[in-house]
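Please open the model in your viewer with the cartoon and the side chains available as separate representations. The stops below each name a selection and then say what can be found there.

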Amino acid sequence: MFDRYKAGEQAVLVHLEFPEEGEREDVEELKMLVDSAGVNALAVITGSRAAPHPKYFVGSGKAEEIAQTVQDINADIVIFNHSLSPTQERNLEKLCQCRVLDRTGLILDIFAQRARTHEGKLQVELAQLKHISTRLVRGWTHLERQKGGIGLRGPGETQLETDRRLIRGRIKSILRRLEKVSKQRDQGRRARNRAEIPTVSLVGYTNAGKSTLFNAITNAGIYAADQLFATLDPTLRKIQLNDIGTAILADTVGFIRHLPHDLVAAFKATLTETREADLQLHVIDAADDRRKDNIEQVQLVLEEIDANEVPQLLIYNKIDLFDDVSPRIDRNDDGLPVRVWLSAQTGEGVELVREAVSELLSKKMVSHHLKLPATEGKIRSALYRLNCISEEDYFDDGSWSLHVRLSYDDWNKLAKRSEGRLENYIV
């Protein structure tokens, strides 16, 4: 699209340490991201600064070192573990004589490789266009069409302005199409709400094992791999839970620290599944040394998409990597599940997830022993339609003794329809 150096597969990685906690990135995570993108890291250049340099992000001496390293090992691309401004990107490209990519661009590239569905591809393209639109400055200076003087005046629109107009038009087109997808998802959610089918959403840091757990619970056979952002497109499957019946389990895209805002905005329709869920299963890589920080990063993204109020069950995955940890459910003072320890890879403890989810969702369930007179056949029929009768006995006078378990909402609706008589039949 623009006058840029071509990128290849041989990369020099650059990572700086900053004193500010909020600015810090992880060099090991950068290596995993680069590996997920299919790029070969030839060298890693590290350093530290109090604040980014306005021209090169790194200092001028470090920028010269990067350029020399690129020349020495014949690298095709320099990848920064930080967000660069368009000007910093261009200055570095001019100095290094090769393509320069920042962390946001790298994540966008991985997403572009992973997108499978039409919706996923549209979302990635939208995020890419928003990112590119800020980097058009001086991208087409060699094709400038506005000239001065007789016989040299152009049509009045520079190539840069043309590109901006084309990008704006494409962004509007994609937003219209994503709006349709969003409406379809809303219809599906409304239908599930009418049928009172609860939704359980898997959330967590990328590569925590969400898709492996999803497959272990549902036997869906979706793609799962030991790499960052293996899952991009949301997948929904029905599962059967004791006492609850049918529920929907949703697998969603993994989160990462400093997830690009354009991506969060583009994937809003997808992330709505997380926001509208009845319960979130927060999958955590128990073997990761950075798990505490990863948990905090996931909570920050959930807050950003207004999904931090949804009840959450912590799933500590990958216990097969420990010798002394066995599958178990940790409970709070009220006896409710708060953590489940398991291995999605080996299947150890997966059934405990079903048990814990059933318990948490069944908080919305009520159990009653009813004695209905013979005149209340309509109430008995309604209870049968709800499939909530576990035991039934008959008496000589034609009355019934019933043990029922049903959702709180269903009970309230039935009580309203019976004009309050139902409460009088509780034994």
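## The parallel sheet

Begin with the open sheet of four strands, whose order is 2-1-3-4 and whose strands pair in the parallel sense. This is a predicted model, and the angles and distances given along the way are computed from it. At the edges of the sheet lie strand 2 (40–48) and strand 4 (99–101), each of which pairs on one side only. On average, neighbouring strands here are turned by 20° against each other, direction ignored.

Next, select strand 1 and strand 3, which run parallel and are joined by four bridges. To find a register point between them, display V12, which stands opposite V78 in strand 3. Keep the sheet in view and add helix 1, which lies across strand 1, strand 2 and strand 3 and runs at about 155° to strand 1.

## Helix 1 against helix 4

Two packed helices are described by the angle between their axes and the distance between the axes. With helix 1 and helix 4 selected together, the axes come within 9 Å and cross at roughly 35°, and the crossing is left-handed. On the helix 1 side, the contact is made by E29, L30, L33, V34 and S36, while helix 4 contributes R103, L106, I107, I110, Q113 and R114. These contact residues divide into six nonpolar, two polar and three charged.

Stay on L106 for a moment and show its surroundings. Apart from neighbours within four places in sequence, L106 is in contact with L30, L33, V34, A37, I79 and L101.

## The nonpolar cores

In soluble globular proteins, nonpolar side chains tend to be buried together. The largest nonpolar core here has 32 residues, of which V34, I79, L106, F255, L259, L263 and L302 touch the most other members. Colouring by element is useful at this stop, since two or more residues of this core come from each of strand 1 (10–17), helix 1 (27–36), strand 3 (77–80), helix 4 (103–114), helix 5 (118–133), helix 8 (261–266) and helix 10 (291–304). Helix 4 gives the largest share, five residues. A second, separate core has 27 residues, including A208, I244, A247 and M365.

## A buried arginine

Now select R257, which is found in the loop between strand 7 and helix 8. Is this residue buried or exposed? R257 counts as buried because its relative accessible area is 4%, against a cut-off of under 20%. For a distance to check in the viewer, pick the C-alpha atoms of R257 and T206, which are separated by 9.7 Å although the two residues are 51 residues apart along the chain.

## Two hairpins

Move to strand 6 (residues 235–241) and strand 7 (residues 245–251), which pair in the antiparallel sense over seven bridges. Here R237 stands opposite L249 in strand 7. The two strands form a hairpin with three residues between them, and D243 in the turn has a positive phi of about 70°.

The next selection is strand 10 (residues 328–331) with strand 11 (residues 337–341), an antiparallel pair with four bridges. R328 stands opposite W341 in strand 11. Between strand 10 and strand 11, which form a hairpin, there are five residues, and G335 in the turn has a positive phi of about 85°.

## The antiparallel sheet

Continue to the open sheet of three strands in the order 12-14-13, where the pairing is antiparallel. Its edge strands are strand 12 (365–372) and strand 13 (389–394), each pairing on one side only. Neighbouring strands of this sheet are turned by 15° against each other on average, direction ignored. Strand 12 and strand 14 (residues 400–407) run antiparallel and are joined by eight bridges; within this pair, S367 has R405 in strand 14 as its bridge partner. Finally, add helix 12 (residues 377–385), which lies across strand 12, strand 13 and strand 14 and runs at about 150° to strand 13.

## Zooming out

With the whole chain shown, the protein has 14 helices and 14 strands. Of its 427 residues, 48% count as buried. A contact map makes a suitable last view: among contacts between residues at least 6 apart in sequence, 69% join residues at least 24 apart.

Terms used
Residues are numbered from 1 along each chain as its sequence is written. This is a predicted model: local features need pLDDT of at least 70, side-chain atom pairs count only at pLDDT 80 or more; totals for chains, interfaces and linings use all residues. Side-chain values use heavy atoms; hydrogens and water are left out. Two strands pair if DSSP finds at least two bridges between them. A nonpolar core is a set of buried Ala, Val, Leu, Ile, Met, Phe, Trp, Tyr and Cys residues joined through side-chain atoms within 4.5 Å. Buried means under 20% relative accessible area, exposed over 50%, partly exposed in between (1.4 Å probe, protein chains only). Contact means heavy atoms within 4.5 Å. Axes are lines fitted to C-alpha atoms, for helices over the stretch in contact, and angles run from 0 to 180 degrees between N-to-C directions. A crossing is left-handed if the near helix is turned anticlockwise from the far one by less than a right angle, and right-handed if clockwise. Ala, Val, Leu, Ile, Met, Phe, Trp, Tyr, Cys and Pro count as nonpolar, Asp, Glu, Lys and Arg as charged, and the others, Gly among them, as polar.
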